[in-house]
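Visitor: I would like a close look at a single part of this chain, followed outward to whatever it packs against. Please keep to what can be read from the model.

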Amino acid sequence: MKVQIYVAAHKPYQMPQDPTYRPIFVGAAIHGGAPQNYQPDNVGDNISASNPNFNELTAMYWIWKNCHADVKGLNQYRRYLSEAPKRKLAGILSMTEIESLLQQYDVIVPKKRHYYIESNYSHYVHAHHREPLDMMRTVISERHAAYLDDFDQLMHQTSAHMFNMMIMAGPKFDDYAKWVFDILFAVRDRIDIADYDVQEARVFGYLSEFLLDVWINHNQLKYVEVPVMYMEKQQLPAKAYNLLKRKFFPQAAKRTHFKSVV
């Protein structure tokens with residue numbers, strides 16, 4: 001069994017030595033290629049040039065179209081799916097651990113992110129433009145109507161599996177990616193983001209974070225949560241402050257530019 005987990009990055013960074021993991025340089029079409037030993041996302045069938053709008057999803061698209069491993073996964077250069085997060089890179093999931101988990105579960109995902117005082121919908125619209133999320137619901141209702149109830153249920157919940165990180169059998173990964181991009185490309189064709197600032201222009205990456213749970217729940221897939229290992233210190237007090245600020249002072253919060261993921 002070939003297991004290939006890609007690590008999305010937009011700059012050179014410390015990477016796992018385990019050959020199960022391979023760095024993939026997102027936006028290579030914009031940056032003139034990739035660092036040595038990084039898989040560029042601008043070869044083969046790709047959307048590399050759309051990285052400013054799709055974030056790490058240009059890596060997901062490349063994996064879907066160009067990787068033929070039995071098991072596929074996506075992590076990010078500053079965060080990984082892990083069994084022992086305190087061990088940093090030494091504690092990320094090994095091929096043996098991945099294979100063992102996938103014998104019992106369909107999908108490996110990060111532990112849910114909880115918002116507690118906000119629904120997934122209200123949290124999003126307090127931080128971002130509302131129109132793209134509402135348009136995504138419209139697209140799902142028209143193109144994938146069977147998923148609409150699952151989407152609405154997730155929007156009312158206060159937690160979700162975020163970060164666009166997952167590991168699953170190759171055919172399932174491909175099915176998920178096909179579904180995701182069918183939705184996101186339709187949303188892209190119906191909204192105008194010309195006036196969005198650099199941060200908000202990353203809209204399709206933000207939207208996609210809600211789709212994994214919708215797809216898992218609708219298809220009744222069995223998933224297992226594992227901890228997230230962070231390569232950098234998390235500013236938890238600042239994140240809590242920003243959550244409250246976005247809820248109670250949304251207009252002021254939207255004028256704040258938040259650090260990007262990839």
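Visitor: Which residues of helix 7 are buried?

Guide: This is a predicted model, in which local features need pLDDT of at least 70 and side-chain atom pairs count only at pLDDT 80 or more, while totals for chains, interfaces and linings use all residues. Residues are numbered from 1 along each chain as its sequence is written, and side-chain values use heavy atoms, without hydrogens or water.

The buried residues in helix 7 are Leu148, Asp150, Phe151, Asp152, Leu154 and Met155. Buried here means under 20% relative accessible area, exposed means over 50%, and partly exposed lies in between (1.4 Å probe, protein chains only). Helices (H or I, at least four residues) and strands (E, at least two) are DSSP runs, numbered from the N terminus.

The buried residues of helix 7 pack against helix 5, helix 6 (130-143), strand 8 (159-160) and helix 10. One of these partners, helix 5 (residues 120-127), has seven of its eight residues buried, so helix 5 is largely enclosed by the rest of the structure. The buried residues in helix 5 are Asn120, Ser122, His123, Tyr124, Val125, His126 and Ala127.

Helix 10 can be described through its packing geometry. Two packed helices are described by the angle between their axes and the distance between the axes. Axes are lines fitted to C-alpha atoms, for helices over the stretch in contact, and angles run from 0 to 180 degrees between N-to-C directions. Helix 7 (residues 148-156) packs on helix 10 (residues 211-218) at about 130°, with the axes 9 Å apart. That angle makes helix 7 oblique to helix 10 (under 35 degrees counts as roughly parallel, over 145 as roughly antiparallel, 65 to 115 as roughly perpendicular and the rest as oblique). Helix 7 and helix 10 form a right-handed crossing; a crossing is right-handed if the near helix is turned clockwise from the far one by less than a right angle, and left-handed if anticlockwise.

On the helix 7 side, Asp150, Phe151 and Leu154 meet Asp213, Val214, Asn217 and His218 of helix 10, where contact means heavy atoms within 4.5 Å. The residues of this contact between helix 7 and helix 10 comprise three nonpolar, two polar and two charged (Ala, Val, Leu, Ile, Met, Phe, Trp, Tyr, Cys and Pro count as nonpolar, Asp, Glu, Lys and Arg as charged, and the others, Gly among them, as polar). Asp150, Phe151 and Leu154 are also among the buried residues of helix 7.

Helix 10 leads on to helix 8. The axes of helix 8 and helix 10 lie 11 Å apart, at an angle of about 125°. Helix 8 is therefore oblique to helix 10, and helix 8 passes helix 10 in a right-handed crossing. From helix 8, Lys172, Asp175, Tyr176, Trp179, Val180, Ile183 and Leu184 meet Leu211, Leu212, Val214 and Trp215 in helix 10. Nine nonpolar residues and two charged ones make up the contact of helix 8 with helix 10, with no polar residue. Val214 is thus named on the helix 10 side in the contact with helix 7 and in the contact with helix 8.

Helix 8 in turn meets helix 3. Helix 3 (residues 57-66) and helix 8 (residues 170-190) pack at about 130°, their axes 10 Å apart. This makes helix 3 oblique to helix 8, and helix 3 passes helix 8 in a left-handed crossing. Leu57, Met60, Tyr61, Ile63 and Trp64 in helix 3 meet Phe173, Asp174, Tyr176, Ala177, Lys178, Phe181, Leu184 and Phe185 in helix 8. The contact of helix 3 with helix 8 has 11 nonpolar residues, no polar and two charged. Tyr176 and Leu184 of helix 8 are listed in the contact with helix 3 and in the contact with helix 10.

One residue of helix 3, Thr58, is in contact with Asn51, which also touches Val26, Gly27 and Ile30, leaving aside neighbours of Asn51 within four places in sequence. Asn51 is found in helix 2 (residues 51-54) and, at 7% relative accessibility, counts as buried.

As to confidence, the protein chain averages a pLDDT of 92, and 89% of the residues score at least 70 (pLDDT is the predictor's confidence in each residue, from 0 to 100). Residues 238-245 stay under 50, and the model has 13 contacts for them beyond four places in sequence. Residues 255-261 are also below 50 in pLDDT, with 19 contacts in the model beyond near neighbours in sequence.
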